[in-house]
Amino acid sequence: MNAGGTAGGPVDDIRTSLAGPAVVRMLLGARMRRLREASGITCADAGYAIRGSHSKISRMELGRTGFKRRDVADLLTLYGVNDCVQRDGLFSLVDQANAPGWLHEYGDVLSNSAETRLQLEQCASVIRCYENQFIPELLQTADYARALIELYHPATPRPEIARRIALLTRRQMVLREPASCRLWAIIDEAALRRRPGTAATMRRQLRQLIEISELPHVTIQVMPFSTGVAAGGAITVLRFAETEIADVVYLDQFTGALYLTKPDDVQHYAQVVDRLCTRAGLPAKTAAFLRQLIQEI
Amino acid sequence: MSGDQPPYSWTEAEKDLMEGIDTTVPHSARIWNYWLGGKDNYPVDREAGEQFVKVYPGIIAEARANRQFLTRAIHYLVNEADIDQFLDIGTGLPTVDNTHEVSQRLNPASRIVYVDNDPLVLAHARALLTSTPEGATDYVDADLREPDKILNAAARTLDFSMPIALMLSGIMGHVADDEGPHAIVRQLVDRLPSGSYLMLQDGTVVSQENADALEDYNESGAVPYHLRTPEQIAGFFDGLELVEPGVVPIQIWRPDVTPTDPKDHVNTFGGIGLKR
C-alpha cells in the first residue's frame with residue numbers, strides 16, 4: 001500500500017538493512033532464480049558451477065541460506081549476465097544480505113529461527129495476524145509482556161526479562177509514525193479477557209489497544225464469542241512491498257516458531273485469515289467493545 | 001523450519017469458518033488482483049485469469065490501463081473540477097493508487113465512500129483503505145442494484161448539497177440488460193447535486209478475443225460480465241455534459257506521457273460527464 005514498491009528499484013530503498021538480512025536474502029534469491037530460469041539452466045548445473053548441490057541452489061533461491069560473493073559472481077557468469085551495472089546491483093544485495101542488522105544485538109535473547117522471524121516481521125509492509133490466546137506481541141504493553149514471561153517462564157532472571165522487554169519495545173517501533181508497515185490484527189475475545197497480570201495491567205493493556213486502534217495504519221478487529229468462529233491457533237501472514245517476494249506465514253509453536261513459504265501452505269493460511277476477517281467484528285466497533293471489557297474488569 | 005504439514009488439527013469451528021468465502025469459483029475482484037500483479041488471489045482465480053490471458057492476452061494491459069485512467073480521471077476531478085467527494089461503487093480488492101489515495105494525495109481533506117457487495121472486498125477495504133486524518137473514508141455493504149440504499153448510506157459521509165464524483169469502474173458489466181443498467185446510473189446521478197460528475201469505464205464488444213475469453217469466464221460459475229457497445233457505454237452519460245475528449249478508449253482519454261501500444265486502444269471505453 002503506501003509503503004510503495006521497491007521492486008527493481010535501488011537497493012538502498014530496502015527497509016530491511018536495519019533489522020536484518022532475511023528479506024534481502026529472499027529478494028536476492030528471487031532475482032537469482034529469475035536469471036537462472038531465463039537462461040534455461042537447471043538447479044543441478046548451477047549447483048555444479050559453484051561446487052554445490054541442486055538443493056544448495058534451491059535453498060539460496062528461497063533466501064534460506066547466505067550468499068558468497070564469489071558464488072553469485074560465478075552464477076551470474078553462468079547465466080550470461082555480463083552487464084556491470086546489473087552485476088553490481090546484485091553484489092550490493094549480497095553485501096546487504098551478509099550484514100547483521102540491529103536484531104543481531106539481541107542474540108542473547110533470540111534463537112536463530114526467532115531472529116529470522118523477527119527480521120521478516122520488521123520489514124513487512126503489511127502484517128496480518130490472528131490471535132486467540134494473548135494480545136499480539138506488537139500491541140502488548142511492557143507490563144502485560146512482563147506478566148506473560150513471569151507466568152510462563154518463572155525462572156527467567158530479571159536482567160533477561162528486561163532485555164526481552166527492550167527487544168519487544170524496539171520491535172514495536174515499526175508501528176510508530178511514520179510507520180513502515182500496516183498492522184491488521186484479529187483478536188479473539190478470549191485473548192482480550194484472559195488476564196495474565198493484575199487487573200490494572202489488563203486495563204492499561206486494553207486502553208493502549210484502543211489508542212493504537214485509532215492509528216490510520218493499524219486495524220484491529222475483535223472476534224467475539226458470539227460469532228462461534230475460531231481457528232486452531234495464532235496465525236501471522238507477512239506481506240512484503242517487493243513484488244518478487246511472496247507472503248510468508250508464521251505460526252508460534254511450543255518449540256519455537258514455524259515459518260511457511262510453500263505456496264500451498266501460505267495459501268491455506270491466507271484463506272483462513274481472509275475468512276476470519278470477514279466474520280470478525282467491524283474495525284469501527286472495536287473501541288466500544290474494548291471499553292465495555294475495561295468496565296467489566 | 002520449513003512447513004511440510006500444517007501443524008494444527010482443525011476443529012469443527014474451521015468447517016463453519018470455511019463457509020464464508022467460495023474458493024471453488026473464480027471471483028472477479030481476485031482475478032483483477034491477479035492481472036494487476038497483486039498477491040490477494042486464490043488458485044482458482046489464477047487459473048481462470050491465466051485461461052483468460054491465453055485467449056485474450058491484451059487483458060493485462062487493459063487492467064493496467066483501467067487503473068491509469070482512474071488515476072488520470074481523479075487528477076482531473078480534483079485539480080480542474082475542484083471535486084473533494086467521491087462515491088466509488090465496485091471498489092474491488094485494494095491495489096496501488098486506490099481512489100482515496102490518489103485524491104487525498106492531491107487534497108488530504110477528500111472524502112470517499114467505497115461501496116461493494118463482497119464480504120472479502122469490504123473486509124480488505126475497511127482494514128487497508130483508511131483515510132488521512134483531514135479527510136474521511138467509509139465503506140458501504142450494498143449492491144449496485146440498490147441505488148437508494150447506496151445513496152442513503154453514502155450520505156453519512158458525503159455532503160449531498162455539494163458536488164460529488166460518482167465512480168463506476170468496470171462494474172456496469174455486472175448488471176445485465178434486463179436489470180436496467182442505464183436506469184440504475186440515472187437513478188444515482190439524479191440524486192447528485194448540480195456540479196457533480198460521473199466517471200465510468202467498462203469493457204466493450206469491440207475485441208472479439210476479449211468476448212471469446214469472457215464467454216468461457218461467464219461459464220466458470222463466476223458472476224457473469226456483460227459486454228456492451230461503445231454507443232451503449234456512451235449512453236450512460238445521457239443528459240450529462242461530456243468532458244473532452246468524450247467517451248473514448250480509455251488509453252487516449254487525456255493520456256499522460258507514458259506511451260501505450262495503440263493496438264491496445266480498443267476495448268475499454270470510458271469518460272467523464274458533468275451534471276449541469
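Here are some numbered notes on this structure, which is a predicted model.

1. Let's start with how chain A is split up. The assignment gives it domain 1 (21-98) and domain 2 (123-139 + 171-296), so notice that domain 2 is written as two stretches of sequence. The C-alpha centres of domain 1 of chain A and domain 2 of chain A sit 35 Å apart. Where they meet, domain 1 of chain A puts in seven residues and domain 2 of chain A puts in eight residues.

2. Next, the greasy inside. The largest nonpolar core has 62 residues, and the ones that touch the most other members are Leu120(A), Leu139(A), Leu192(A) and Leu209(A). Helix H1 (residues 22-39) of chain A makes the largest contribution to this core, with eight residues. Both domains join in: domain 1 (21-98) and domain 2 (123-139 + 171-296) of chain A each give at least three residues.

3. Leu120(A) is a good one to click on. Which residues is Leu120(A) in contact with, once its neighbours within four places in sequence are left aside? They are Ala22(A), Val23(A), Met26(A), Leu238(A), Phe240(A), Val248(A) and Tyr259(A). Apart from the largest core there is another one, with 31 residues, including Val140(B), Val175(B), Leu198(B) and Leu240(B).

4. Now look at helix H3 (residues 54-61) of chain A. Its buried residues are Ile57(A), Met60(A) and Glu61(A). Viewed down the axis of H3(A), the buried residues fall within an arc of 95°, so they line one face of the helix. Here is the general rule to keep in mind: an α-helix has 3.6 residues a turn, so residues three or four places apart point the same way. The buried residues of H3(A) pack against H1, helix H2 (43-49) and helix H4 (69-78) of chain A. Just after H3(A) comes Gly63(A), with a positive phi of about 75°.

5. On to the enclosed spaces. How many cavities of 30 Å³ or more does the structure hold? There are three, and the largest cavity has a volume of about 130 Å³. Its lining is made of 13 residues, and the closest to the centre are Glu121(A), Glu131(A), Glu137(A), Thr236(A) and Tyr250(A). Helix H6 (112-122), strand S1 (126-131) and strand S5 (248-253) of chain A each supply at least two lining residues, with S1(A) giving the most, three residues.

6. Then there is an open space to check out. The second largest pocket holds about 1400 Å³ of space. It is lined by 36 residues, and those nearest its centre are Arg117(A), Glu137(A), His153(A), Asp252(A) and Gln253(A). Two or more lining residues come from each of H6, helix H7 (142-152), helix H8 (158-171), S5 and strand S6 (256-260) of chain A. H8(A) gives the most, six residues. Look out for Glu137(A), which is listed here by the centre of the second largest pocket and also by the centre of the largest cavity.

7. Finally, a stop in chain B. Val78(B) belongs to helix H4 (residues 59-80) of chain B. Is Val78(B) buried or exposed? It counts as buried, because its relative accessibility is 8% and the cut-off for buried is under 20%. Leaving out residues up to four places away in sequence, Val78(B) touches Ile83(B), Phe86(B), Ser103(B), Leu106(B) and Asn107(B). Compare Val78(B) with Ala109(B): they are 31 residues apart in sequence and 11 Å apart in space, C-alpha to C-alpha.

Notes:
Residues are numbered from 1 along each chain as its sequence is written. Chains are lettered from A and ligands numbered from 1 in the order in which they are written. This is a predicted model: local features need pLDDT of at least 70, side-chain atom pairs count only at pLDDT 80 or more; totals for chains, interfaces and linings use all residues. Side-chain values use heavy atoms; hydrogens and water are left out. A nonpolar core is a set of buried Ala, Val, Leu, Ile, Met, Phe, Trp, Tyr and Cys residues joined through side-chain atoms within 4.5 Å. Buried means under 20% relative accessible area, exposed over 50%, partly exposed in between (1.4 Å probe, protein chains only). Helices (H or I, at least four residues) and strands (E, at least two) are DSSP runs, numbered from the N terminus. Domain bounds come from an automatic or database domain assignment. Contact means heavy atoms within 4.5 Å. The arc is that of the directions from the helix axis to the C-beta atoms. On a 1 Å grid over the protein atoms alone, a cavity is a set of points where a 1.4 Å probe fits but cannot get out, and a pocket is an open set with protein on both sides within 12 Å along at least five of seven lines; lining residues have an atom within 4 Å of a point. Grid points are joined across faces, edges and corners, and a volume is the space filled by probe spheres set on the points.
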